[in-house]
Amino acid sequence: MLFSVEKSVFGCFPGMKIVCVAARGVGEAVNGEAVSRLLAEGWKTAGEAAAAHGNPQSHPYVLPWVEHMKEAGAPRKKFPSSIEALLKRAGKGGEPFRIQPAVDFYNAVSLSCLVPAGGFDIDQLENGLELRFSRDGDRFQALDSDTEEAIPAGEISYADGDIIVTRHFVWKQSKHALINPVTRNIVFVSEIPGELPEETTGIVAGKITDGLRECFGVEAAAQIVDEDNSSVEIA
């Protein structure tokens with residue numbers, strides 16, 4: 001089973017790299033305190049970053065998402081990226097929100113590195129994971145909906161066959177391949193625009209693999225997807 005990126009996506013995000021980590025045996029946190037610590041540290045980092053730049057969309061790590069997604073037909077006011085939404089939430093202060101250990105973990109990575117990060121249940125994927133432009137006939141079921149809907153062609157999307165896993169790249173996730181309490185095998189992804197410092201990719205990869213070891217007792221290797229290496233094996 002592969003994770004692959006359609007070449008045309010790199011036309012909208014030149015120089016982008018995607019960190020991909022396929023991890024098996026991820027269940028409840030072996031070290032729940034470590035997950036909480038990483039989440040608290042990330043929440044603090046993101047909150048300070050939001051305050052320093054006045055508004056999330058002006059942060060230099062968020063601005064590329066604003067610009068590139070607008071070019072792709074998804075203006076930020078209607079389709080804010082996940083990292084913008086997290087920065088905005090952290091900027092309001094208070095305690096970090098919690099969902100479940102694996103989701104809290106990838107949110108901690110996102111908050112601490114100021115890049116999008118997410119994960120999908122490998123065992124729910126039927127055809128593999130592909131980042132591509134949506135096509136006629138694709139379908140999507142939102143988290144707050146009991147029914148599927150057809151979506152227009154031309155949206156940058158994560159997809160499993162004709163099932164859309166996320167709309168507008170890092171905007172909204174579907175119920176399909178959603179991490180749940182019984183999920184054990186997860187593919188983690190983190191998208192890094194070409195405008196970010198070159199060392200960001202290695203920092204994010206290390207954050208995920210080291211965190212999996214510390215929090216879940218899982219050893220996993222990071223793979224990097226880019227325009228020259230547009231597919232990797234995940235299962």
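Reader: Which residues lie nearest the centre of the largest pocket?

Author: This is a predicted model. In it, 28 residues line the largest pocket. Helix 4 (82-91), helix 5 (101-113), strand 3 (117-121), strand 9 (172-173) and strand 10 (185-192) each give two or more residues to that lining. Nearest the centre of the pocket are S82, Y106, N107, W171 and Q173.

Reader: How many residues of the lining of the largest pocket are nonpolar, and how much space lies in the pocket?

Author: The lining of the largest pocket divides into three classes, with eight polar and three charged residues among them. The nonpolar class has 17 residues. The space in the largest pocket comes to about 650 Å³.

Reader: How many cavities of 30 Å³ or more does the structure hold, and what is the volume of the largest cavity?

Author: Rolling a probe the size of a water molecule over the atoms shows where empty space is left. The structure holds two cavities of 30 Å³ or more. The lining of the largest cavity includes V26, Q100, N180 and R184, and by class this lining has six nonpolar, four polar and two charged residues. The volume of the largest cavity is about 80 Å³.

Reader: Which element gives the most to the lining of the second largest cavity?

Author: The second largest cavity holds about 50 Å³ of space. Among the residues that line it are W65, V66, M69 and K70, and the lining has seven nonpolar, one polar and three charged residues. With four residues, the element that gives the most is helix 3.

Reader: W65 lines that cavity. What kind of aromatic pair do F13 and W65 form?

Author: A pair of aromatic rings is described by the distance of the centres and the angle of the planes. A search of the whole structure finds ten aromatic pairs. For F13 and W65, the centres are 5.0 Å apart and the angle between the planes is 50°. That angle is neither under 30 degrees nor over 60, so the pair counts as tilted.

Reader: Why does the pair of F13 and W65 tie together parts that are apart in sequence?

Author: F13 is in the loop between helix 1 (7-12) and strand 2 (17-24), whereas W65 is in helix 3 (residues 63-71). F13 is buried at 1% relative accessibility, and W65 is buried at 2%. Because the two rings sit in these two elements, the pair joins parts whose separation in sequence is 52 residues.

Reader: What kind of pair do the rings of W65 and F169 form?

Author: W65 in helix 3 and F169 in the loop between strand 8 and strand 9 are 104 residues apart. Both of these residues are buried. Their ring centres are 5.1 Å apart and their planes stand at 65°, so the pair is edge-to-face.

Reader: Which residues form one aromatic cluster?

Author: W65 pairs with F13, and W65 also pairs with F169. These three belong to one cluster, whose members are F3, F13, W65, F120, Y158 and F169.

Reader: Y158 is in strand 7. How many residues of strand 7 are buried?

Author: I156, Y158 and D160 point one way from strand 7, while S157 and A159 point the other way. In a regular strand the side chains alternate between the two faces of the sheet. Strand 7 (residues 156-160) is largely enclosed by the rest of the structure, because the number of its residues that are buried is five of the five.

Reader: Which residue in the turn between strand 7 and strand 8 has a positive phi?

Author: Strand 7 pairs in the antiparallel sense with strand 4 (residues 129-133) over four bridges, and E130 stands opposite A159. Strand 7 also pairs in the antiparallel sense with strand 8 (residues 163-167), over three bridges, and there D160 stands opposite I163. Strand 7 and strand 8 form a hairpin with two residues between them, and the one with a positive phi, of about 65°, is G161.

Reader: How many disulfides does a search of the whole structure find?

Author: C215 is buried, with 0% relative accessibility. The closest cysteine sulfur to that of C215 is in C113, at 13 Å, and a disulfide needs sulfur atoms within 2.5 Å, so the two are too far apart for a bond. Over the whole structure, the number of disulfides found is zero.

Key. Residues are numbered from 1 along each chain as its sequence is written. This is a predicted model: local features need pLDDT of at least 70, side-chain atom pairs count only at pLDDT 80 or more; totals for chains, interfaces and linings use all residues. Side-chain values use heavy atoms; hydrogens and water are left out. Buried means under 20% relative accessible area, exposed over 50%, partly exposed in between (1.4 Å probe, protein chains only). Two strands pair if DSSP finds at least two bridges between them. On a 1 Å grid over the protein atoms alone, a cavity is a set of points where a 1.4 Å probe fits but cannot get out, and a pocket is an open set with protein on both sides within 12 Å along at least five of seven lines; lining residues have an atom within 4 Å of a point. Grid points are joined across faces, edges and corners, and a volume is the space filled by probe spheres set on the points. Ala, Val, Leu, Ile, Met, Phe, Trp, Tyr, Cys and Pro count as nonpolar, Asp, Glu, Lys and Arg as charged, and the others, Gly among them, as polar. Rings of Phe, Tyr and Trp (its six-membered ring) pair if their centres lie within 6.5 Å; planes under 30 degrees apart count as stacked, over 60 as edge-to-face and the rest as tilted.
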